[in-house]
Amino acid sequence: MMDEKYDVIVLGTGLKECILSAVMCQAEGKKVLHLDRNNYYGGASASLTPLKNVYEHFGKTCKDLEEFGRGRDWNVDLIPKFLMANGRLMKLLNRTGVERYLDLKSVDSNYVYKAGRIHKIPATEDEALASGLMGLFEKRRFKQFLSYVDQYEVDREKTHKNYDCTKKTMKECYDLFGLDDNTAGYTGHGLALYLDDNYIGNPCLETILRVKLYGQSLAINRNSPYTYPLYGLGELAQGFARLSAIYGGTYMLNTPCEIIRENGKAVKVKAGDKTFHCDMVICDPSYAPDFVKKVEKVVVAICILDHPIADTKDVASVQIIIPPKQARPYKKDYDEGEKRKDIYVTCVGSVHMVTPKDKGFYLATVTTVVEFGDHEKELELGIKLLGNIKEKFVKVYDLYEPTDDGTSSQVFISKSYDATSNFETTYEDALEIYRRATGKGEFDFSKVSNSSAEEVL
């Protein structure tokens with residue numbers, strides 16, 4: 001018989017919710033009940049399987065699928081993201097022990113779009129010298145900038161070289177090193193991985209740390225800074241869910257849920273024909289629609305290919321970044337104005353166990369923030385890079401943020417998954433909820449020894 005009273009009830013099994021469920025069980029010793037209205041793990045960050053479920057999710061007629069092989073060999077991510085090899089989520093996977101539940105494989109390559117062509121973002125000095133992204137003298141100036149970033153340490157003032165990165169803007173930093181607009185765009189979007197150019201007027205410290213993270217991650221994987229789990233991104237949520245269950249978390253899928261408040265505070269959750277009392281609720285925006293606001297839309301096109309993306313040297317996995325300035329020559333296509341957000345193209349295949357082995361299929365995703373009325377037109381530049389497409393699924397998602405920080409209501413709501421190409425903001429949001437819920441600054445594993453974790457795992 002399940003307990004009627006829990007310290008924490010988590011609604012939704014998206015990655016953020018599963019991280020918090022696991023941390024609350026493992027690090028905080030809380031009694032956790034984890035519910036989801038769906039019959040699968042992952043929520044908005046799920047990997048759908050078999051293939052017929054993808055057709056159903058996108059409201060498309062399920063045609064004869066024999067040409068695509070076994071349906072259960074497909075694992076189709078709903079959101080296109082990679083992990084930074086030295087990012088905070090990777091470190092959390094290691095610290096919690098969840099990494100041992102996963103098979104992780106590096107992504108082969110990373111490209112950026114410039115002047116109608118894609119260029120490999122250099123991973124070695126030889127590649128940098130051969131790259132068409134910048135001229136010879138610009139490469140020398142850029143190398144000086146990268147040397148500064150590489151040696152920079154926040155807590156060691158002598159590495160700052162009398163340059164206050166907390167006050168100087170990134171525009172001033174680019175000017176200091178004599179970098180032109182093209183190199184600035186490549187740096188901001190290809191290395192620092194910003195969605196737009198708003199960072200230019202902000203203090204340059206964040207950008208320097210982002211570029212540094214890119215370099216550290218590249219040093220781990222060598223060809224690209226990204227890592228991806230075999231069988232799709234849904235494995236991440238399931239890994240944290242498994243950890244939560246090992247430390248006492250109780251799970252119920254396929255269960256309709258309703259938060260019940262008294263005097264503005266969450267006191268219980270109705271789950272099917274049962275009611276469970278609790279001290280707090282953690283949930284994704286879909287479980288608290290009256291306490292979130294819509295902030296923007298993202299359009300995602302998931303495409304089945306029978307070939308690798310052209311001009312990528314036939315690699316099995318890749319990311320291509322199209323900065324907004326590179327889309328602006330096509331601004332005649334946008335009646336409402338200029339594109340200001342990146343377009344991302346990602347591609348994975350059978351080596352990552354998301355398509356059938358030896359069938360030659362790839363899963364490519366094109367995504368961007370919706371800025372104009374014709375959302376598919378905004379993807380067109382990325383779609384053109386894919387060549388012939390066997391099947392395409394397109395969906396526009398509303399992105400939400402909570403209007404309540406949860407400290408009074410004890411309902412802590414996550415943000416929707418944004419359009420960035422990696423999980424750094426996902427980690428930040430989960431950490432921010434943990435801070436508000438516990439009053440602590442960082443995920444606190446002081447009560448969990450490595451030896452005790454290894455015995456349980």
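This is a short talk on the pockets, cavities, sheets and cysteines of one structure.

Okay, before anything else, keep in mind that we're looking at a predicted model. I'll go through the empty space, then the sheets, then the cysteines.

Let's start with the largest pocket. Its volume comes out at about 1,200 Å³. There are 44 residues in its lining, and those closest to the centre are Arg 210, Asp 418, Thr 420, Thr 425 and Glu 428. So which element gives the most to that lining? That would be α12, which puts in 7 residues. As for the elements that give two or more, you've got three helices, α3 (88–96), α8 (205–221) and α12 (424–438), plus two strands, β14 (292–305) and β18 (391–402). If you're thinking about chemistry in there, the lining splits into 18 charged, 15 nonpolar and 11 polar residues.

Now, the enclosed space. How many cavities of 30 Å³ or more turn up in the whole structure? The search finds 2. The largest cavity holds about 120 Å³ of space. It's lined by 14 residues, and the ones closest to its centre are Asp 77, Tyr 228, Thr 346, Val 348 and Thr 365. Here the elements giving two or more residues to the lining are all strands: β4 (76–77), β16 (343–349) and β17 (362–369). By class, that lining has 9 nonpolar residues, 3 polar ones and 2 charged ones.

On to the sheets. One is an open sheet of 7 strands, and if you walk across it you go β8-β7-β15-β16-β17-β14-β18, with mixed pairing. You'll recognise some of those names: β16 and β17 help line the largest cavity, while β14 and β18 help line the largest pocket. At the edges of the sheet stand β8 (117–120) and β18, and each has a single partner strand, so one side of each is left without a neighbour in the sheet. On average, neighbouring strands in this sheet are turned by 25° against each other, ignoring direction. Over at the β8 end, strand β7 (residues 109–114) runs antiparallel to β8, and 4 bridges join the two. To give you one residue pair to click on, Tyr 113 has Ile 118 in β8 as its bridge partner.

There's also an open sheet of 3 strands, in the order β5-β9-β6, and this one has antiparallel pairing. The edges are β5 (83–84) and β6 (104–106); each of them has a single partner strand, so each has one side without a neighbour in the sheet. Between β5 and β9 (residues 226–229), which run antiparallel, there are 2 bridges. Leu 83, for instance, has Thr 227 of β9 as its bridge partner.

Last topic, cysteines. A disulfide is a covalent bond between the sulfur atoms of two cysteines. How many does the structure hold? The count is 0. Take Cys 173: the nearest cysteine sulfur belongs to Cys 204 and sits 4.5 Å away. The cut-off for a disulfide is 2.5 Å between sulfurs, and Cys 173 is in no disulfide. Cys 173 is also buried, with 0% relative accessible area. Then there's Cys 283, where the nearest cysteine sulfur is that of Cys 257, 9.9 Å away, and again it's in no disulfide. Cys 283 counts as buried too, at 0% relative accessibility.

That's my tour, thanks.

Technical notes:
Residues numbered from 1 in each chain as written. Predicted model: local features only at pLDDT ≥ 70, side-chain atom pairs only at ≥ 80, totals over all residues. Heavy atoms only, no water. 1 Å grid on protein atoms, 1.4 Å probe; cavity = no way out; pocket = protein on both sides within 12 Å on 5 of 7 lines; lining within 4 Å. Points joined across faces, edges and corners; volume = space filled by probe spheres on them. Nonpolar A, V, L, I, M, F, W, Y, C, P; charged D, E, K, R; others polar. Pairing = 2+ DSSP bridges. Axes fitted to C-alpha atoms, helices over the stretch in contact; angles between N-to-C directions. Buried < 20%, exposed > 50% of the residue type's maximum accessible area, 1.4 Å probe, protein only.
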